[in-house]
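Reader: I should like to understand how the descriptive terms applied to this structure are justified. Please set each value beside its criterion.

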Amino acid sequence: MFKGSADNKIEAAMSELVPEPRQKPAVPMKPVGINSNLLGYIGIDTIIEQMRKKTMKTGFDFNIMVVGQSGLGKSTLVNTLFKSQVSRKSSGWNREEKIPKTVEIKAIGHVIEEGGVKMKLTVIDTPGFGDQINNENCWEPIEKYINEQYEKFLKEEVNIARKKRIPDTRVHCCLYFISPTGHSLRPLDLEFMKHLSKVVNIIPVIAKADTMTLEEKTEFKQRVRKELEVNGIEFYPQKEFDEDLEDKTENDKIRQESMPFAVVGSDKEYQVNGKRILGRKTPWGVIEVENLNHCEFALLRDFVIRTHLQDLKEVTHNIHYETYRAKRLNDNGGLPPVTAETEENHESNL
Ligand code: GDP
Ligand code: MG
């Protein structure tokens with residue numbers, strides 16, 4: 001159908017305002033290489049040191065969510081990841097008393113410092129998930145929480161008087177705990193990951209891997225990978241967001257071999273060969289959480305903290321938040337959204 005030029009102009013302006021959601025970030029034009037050594041040192045490489053100094057001064061935010069049935073070791077695992085009591089374990093675990101009737105969302109903030117770098121860590125726990133007789137739609141409050149954090153960020157961004165640094169409460173990473181049944185994923189697992197993988201970076205883990213034999217573990221991992229693929233569920237790191245061949249090679253290995261990480265958590269220390277280690281004592285010896293011959297905790301730790309933390313934050317901002325933002329602006333005819341304050345649900349230890 002023919003459209004008037006005014007319409008076309010509006011459409012062109014709109015398409016500038018509202019980018020297509022879930023597109024790969026634009027790849028910059030390849031610059032022509034110039035050998036700067038010819039006339040002496042310029043100092044371009046000092047940018048790394050400048051960035052390091054800034055990060056040392058400001059620190060950085062990292063928000064991690066844990067989801068899965070009670071008793072799968074979620075709190076223990078985040079405490080193991082950050083080597084501190086960042087998540088409260090339910091003391092004297094008692095199903096009737098402790099499990100809430102509906103899914104609750106509890107965010108607790110901490111500051112962890114290492115080598116002079118401050119991480120403002122928020123652990124978001126979701127007690128009650130998967131614990132009811134009828135667990136239908138129990139992913140909904142979790143999706144709502146995630147979107148509320150995008151909304152908060154968006155409102156700060158469109159403010160005329162913007163804060164210098166917008167507080168970032170967006171969920172950068174969601175660890176989804178799969179029960180070590182050895183059978184297959186439950187409908188609840190599939191439902192959750194299907195709905196949420198579009199809005200947040202999901203990393204599936206097999207909980208309490210010490211309760212399975214090596215063969216069971218290998219077989220279960222393969223089955224879970226297959227089921228996720230058959231159901232079209234994309235977990236983090238998503239294939240479509242690999243930026244180059246190096247990313248692809250590194251991430252393919254993680255997607256095809258490591259996922260879902262079969263982990264063991266513990267906050268108890270033991271003495272093994274004269275060294276203090278975190279482990280779980282069994283009649284057959286101590287299971288060392290950081291020993292790759294015992295479980296894949298160290299692989300998960302390296303992946304989430306040592307190699308992909310910055311990327312988790314970037315994918316959250318460039319893909320998930322961008323999709324939310326584009327949809328909100330689109331729904332509002334390209335204008336910034338006007339909404340009632342979202343509820344505060346933040347407890348802080350900062
Ligand atoms: P949450 O309800 O998912 O947060 O689970 P908790 O972290 O509170 O742990 C529940 C129980 O499981 C506690 O008794 C833990 O000591 C135990 N537990 C935690 N992680 C593991 C694990 O990797 N293997 C085994 N066998 N038990 C674990
Ligand atoms: Mg817990």
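**Terms and their grounds**

Author: The side chains of T169 and Q149 make a polar contact at 2.7 Å. The model discussed here is a predicted one.

Reader: Why is the pair formed by the side chains of T169 and Q149 called a polar contact?

Author: A polar contact requires a pair of N or O atoms within 3.5 Å, one able to donate a hydrogen and the other to accept it. The side chains of T169 and Q149 are 2.7 Å apart in their contact, so the term applies.

Reader: What makes T169 count as buried or exposed?

Author: The term buried is used under 20% relative accessible area. T169 has a relative accessibility of 18%, and therefore counts as buried. This residue lies in the loop between α5 (140–158) and β4 (173–178). T169 and A107 are 62 residues apart in sequence, and their C-alpha atoms are 9.5 Å apart in space.

Reader: Which residues are the closest to ligand 1?

Author: The closest are G71, K74, S75, T76 and D210, in a shell of 15 residues that surround ligand 1. Helix α3 (residues 74–81) supplies the largest share of this shell, 3 residues. By class, the shell has 2 nonpolar, 8 polar and 5 charged residues.

Reader: How do you know that D210 and R280 make polar contacts with ligand 1?

Author: The cut-off for a pair of N or O atoms is 3.5 Å. A polar side-chain atom of D210 lies 2.8 Å from a nitrogen atom of ligand 1, and a polar side-chain atom of R280 lies 3.1 Å from a nitrogen atom of ligand 1. Both distances are within 3.5 Å, so both pairs qualify. A polar backbone atom of L72 is 3.3 Å from an oxygen atom of ligand 1, and therefore this pair qualifies too. Of the 580 Å² of accessible area that ligand 1 has on its own, the protein covers 80%.

Reader: What makes phi of K208 and of N273 worth remarking on?

Author: Most residues other than glycine have a negative phi. K208, which is not a glycine, has a positive phi near 45 degrees. N273, also not a glycine, has a positive phi of about 50 degrees.

Reader: How exposed are K208 and N273?

Author: Exposed means over 50% relative accessible area, buried means under 20%, and partly exposed lies in between. K208 has 36%, so this residue is partly exposed. N273 has 79%, so this residue counts as exposed. K208 lies in the loop between β5 (202–206) and α7, whereas N273 lies in the loop between β7 (269–272) and β8 (275–282).

Reader: Which peptide bonds are called cis, and on what values?

Author: Most peptide bonds are trans. The bond from Y236 to P237 is cis, with omega near 0 degrees. The bond joining M259 and P260 is cis as well, with omega about -15 degrees. P237 is found in the loop between α7 (214–230) and α8 (245–258), and P260 in the loop between α8 and β6 (261–262).

Reader: How do you know that β8 pairs with β7 and with β9?

Author: Two strands pair if there are at least two bridges between them. β7 and β8 are joined by 4 bridges, and β8 and β9 are joined by 4 bridges. Each count meets the requirement of at least two, so both pairs are accepted. The sense is antiparallel for β7 with β8 and for β8 with β9. Among the opposed residues, E269 has L278 in β8 as its bridge partner, R280 stands opposite I287 in β9, and T282 stands opposite G285 in β9.

Reader: Why are β7 and β9 placed at the edges of the sheet?

Author: The 3 strands form an open antiparallel sheet in the order β7-β8-β9. β7 and β9 (285–288) each have a single partner strand, so one side of each is left without a neighbour in the sheet. The twist from one strand to the next averages 70 degrees.

Reader: What links the strands of this sheet along the chain?

Author: β7 and β8 form a hairpin with 2 residues between them, and N273, with its positive phi, is in the turn. β8 and β9 also form a hairpin, with 2 residues between them.

How values were computed:
Residues are numbered from 1 along each chain as its sequence is written. Chains are lettered from A and ligands numbered from 1 in the order in which they are written. Side-chain values use heavy atoms; hydrogens and water are left out. A residue is near a molecule or strand if one of its heavy atoms lies within 4 Å of it. Accessible areas come from the Shrake-Rupley method with a 1.4 Å probe; for residues, only the protein chains shown count as cover. Ala, Val, Leu, Ile, Met, Phe, Trp, Tyr, Cys and Pro count as nonpolar, Asp, Glu, Lys and Arg as charged, and the others, Gly among them, as polar. Buried means under 20% relative accessible area, exposed over 50%, partly exposed in between (1.4 Å probe, protein chains only). Axes are lines fitted to C-alpha atoms, for helices over the stretch in contact, and angles run from 0 to 180 degrees between N-to-C directions.
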